[in-house]
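Biologist: I should like to go through this model with you, one question at a time. Please display the sequence and the structure.

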Amino acid sequence: MSLRNRSAASAPGRPWRTRAATALVIAAALATTAYGVTNVTRAQASPRVTVAAIDPSLVAGRGAQLGIVEQEAENATTNGTILPFDPSAYTLSGEASGRQAVKLTPGQYVAFKLTQRANAITIRYAIPDAPNGGGIDAPLTVGVDHNGRENTHPQTITLTSKYSWLYNQYPFTNDPNADLLHPDWWITECSCVPAFTTPPPSITKPFRPMHFYDEQRVQLHNTYQAGDVVRLTMPADANAAWTVIDLVDLQQIADPAPRPEGSVSVTEFGADPNGMRDSADAFDRAMKAPVAGGRSSKAIRSRSPHRRPTAPCTRVSASMASTPPMAGVITCTCRTSPSRATSASASTPIR
Ligand SMILES: [Ca+2]
């Protein structure tokens, strides 16, 4: 805008300098907020849906349609700290979608306004590692602002860093206190080969922390509508020093699929329907059932009346559905003739 236009655009009695100064103050305030000041509530004027942190219009028609609405935490409402944009390696921002995230301390929250109905949420988060590696568990409260009431039906979930946090050089380690795994490798930190450098360079520990984020899926108490607000709060008495929220995926998940007649359920073999306990042995026991002439063999015969197995199942596999409530899927491959194999699957919800 030229000076002339600036003058013309100014309101009577309010020179453009004043307006410009006001704009600068507002811009400065926004910039301060955007680049991370704690205890400043960042209000979400309107929910901003993105795909991998970019405008959905830029990827329209590309990729699978998963029925997921994604919002970045840095665009949501929060009284935590918005981590500044930073693409640097080995930083929480650098590994975050959009290279930004929200850092909460105990008592702080980040809140996402729904743009369409949803009954489930996937949370991408990071929490600190244990001092000597191995991860920690920490709580996070998931509630919904609904019908004018804040944080209705809160449920406290357990986040974990047991499956995140790697350090050092390939093939990496979970030990933040480890020395260089390959001191005879050239590294960028000193632009040298430490083992062949005199005096030896000082290497900061933990060396190259990475792989900070994990995800957790949560089924909400109800189906909520556009305008309702999903609020993630770090409990005031949380044991972790901080919790970083990168993004959430909101979705309306279907009811559990009906259990196929004659199928087996992995829960009958001890699988944990909440996904909190290792259920691998239960899946193994369920998969062995067809070989032992169990009910899933009947299912295969009933589903394939013209492909009656002439021999027991020779190979089985199992998988979990990607959305809650998780469904265990058992797939058996049976030989129907010496030269031909067919497959059948038994799928059942395990909630
Ligand atoms: Ca993010």
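Biologist: In which loop is N168 found?

Modeller: This is a predicted model, in which local features need pLDDT of at least 70, side-chain atom pairs count only at pLDDT 80 or more, and totals for chains, interfaces and linings use all residues. Residues are numbered from 1 along each chain as its sequence is written. Strands are DSSP runs of E of at least two residues, and helices are runs of H or I of at least four, both numbered from the N terminus. On that numbering, N168 is found in the loop between β8 and β9.

Biologist: Is N168 buried or exposed?

Modeller: A residue is buried if 20 or more other C-beta atoms, placed from the backbone, lie within 10 Å of its own, exposed if 12 or fewer, and partly exposed in between. N168 has 22 other C-beta atoms within 10 Å, and therefore N168 is buried.

Biologist: What is the phi of N168?

Modeller: Most residues other than glycine have a negative phi, and most peptide bonds are trans. N168 is a residue other than glycine with a positive phi, near 75°.

Biologist: H211 is found in the loop between β8 and β9 as well; how many other C-beta atoms lie within 10 Å of H211?

Modeller: H211 also has a positive phi, near 60°. H211 counts as partly exposed because the number of other C-beta atoms within 10 Å is 15.

Biologist: Which peptide bond, ending at P206, is cis?

Modeller: P199 and P206 both lie in the loop between β8 and β9. The bond from T198 to P199 is cis, with omega near -10°. For P206, omega is near -5°, and the cis bond is the one from K205 to P206.

Biologist: In what order do the five strands of the open sheet stand?

Modeller: Two strands pair if DSSP finds at least two bridges between them. The pairing in this open sheet is antiparallel. β2 (77–78) and β8 (149–160) each have a single partner strand, so both stand at the edges, with one side left without a neighbour in the sheet. The order is β2-β5-β10-β7-β8.

Biologist: How many bridges join β7 to β8?

Modeller: β7 covers residues 137–146 and runs antiparallel to β8. Within this pair T141 stands opposite T156, and V144 stands opposite T152. The two strands form a hairpin with two residues between them, and N147 in the turn has a positive phi of about 55°. The number of bridges between β7 and β8 is eight.

Biologist: Which residue of β10 is the bridge partner of D145?

Modeller: β7 and β10 pair in the antiparallel sense over five bridges. The partner of D145 in β10 is V229.

Biologist: Which residue in β11 stands opposite Q71?

Modeller: Q71 lies in strand β1 (residues 68–72), where four of the five residues are buried. With 22 C-beta neighbours inside 10 Å, Q71 is itself buried. Five bridges join β1 to β11 in an antiparallel arrangement. Opposite Q71 stands V248.

Biologist: How far apart in space are Q100 and D246, C-alpha to C-alpha?

Modeller: Q100 is found in the loop between β3 (81–82) and β4, and it is buried because 23 other C-beta atoms lie within 10 Å. Q100 and D246 are 146 residues apart in sequence, yet their separation in space is 7.1 Å.

Biologist: Which residues touch the most other members of the largest nonpolar core?

Modeller: A nonpolar core is a set of buried Ala, Val, Leu, Ile, Met, Phe, Trp, Tyr and Cys residues joined through C-beta atoms within 7 Å. The largest has 38 residues, and β4 (102–104), β5 (109–113), β6 (118–126), β7, β10 (229–233) and β11 (243–251) each supply at least two of them. Another core, of eight residues, lies apart from it and includes A282, F283, M287 and A289. In the largest core, the residues touching the most other members are V102, V110, Y125 and I245.

Biologist: What is the mean pLDDT of the protein chain?

Modeller: pLDDT is the predictor's confidence in each residue, from 0 to 100. In the protein chain, 70% of residues reach 70 or more. The pLDDT is below 50 over residues 1–40 and over residues 292–351. The mean for the chain is 79.

Methods: Two residues are in contact if their C-beta atoms, placed from the backbone, lie within 7 Å.
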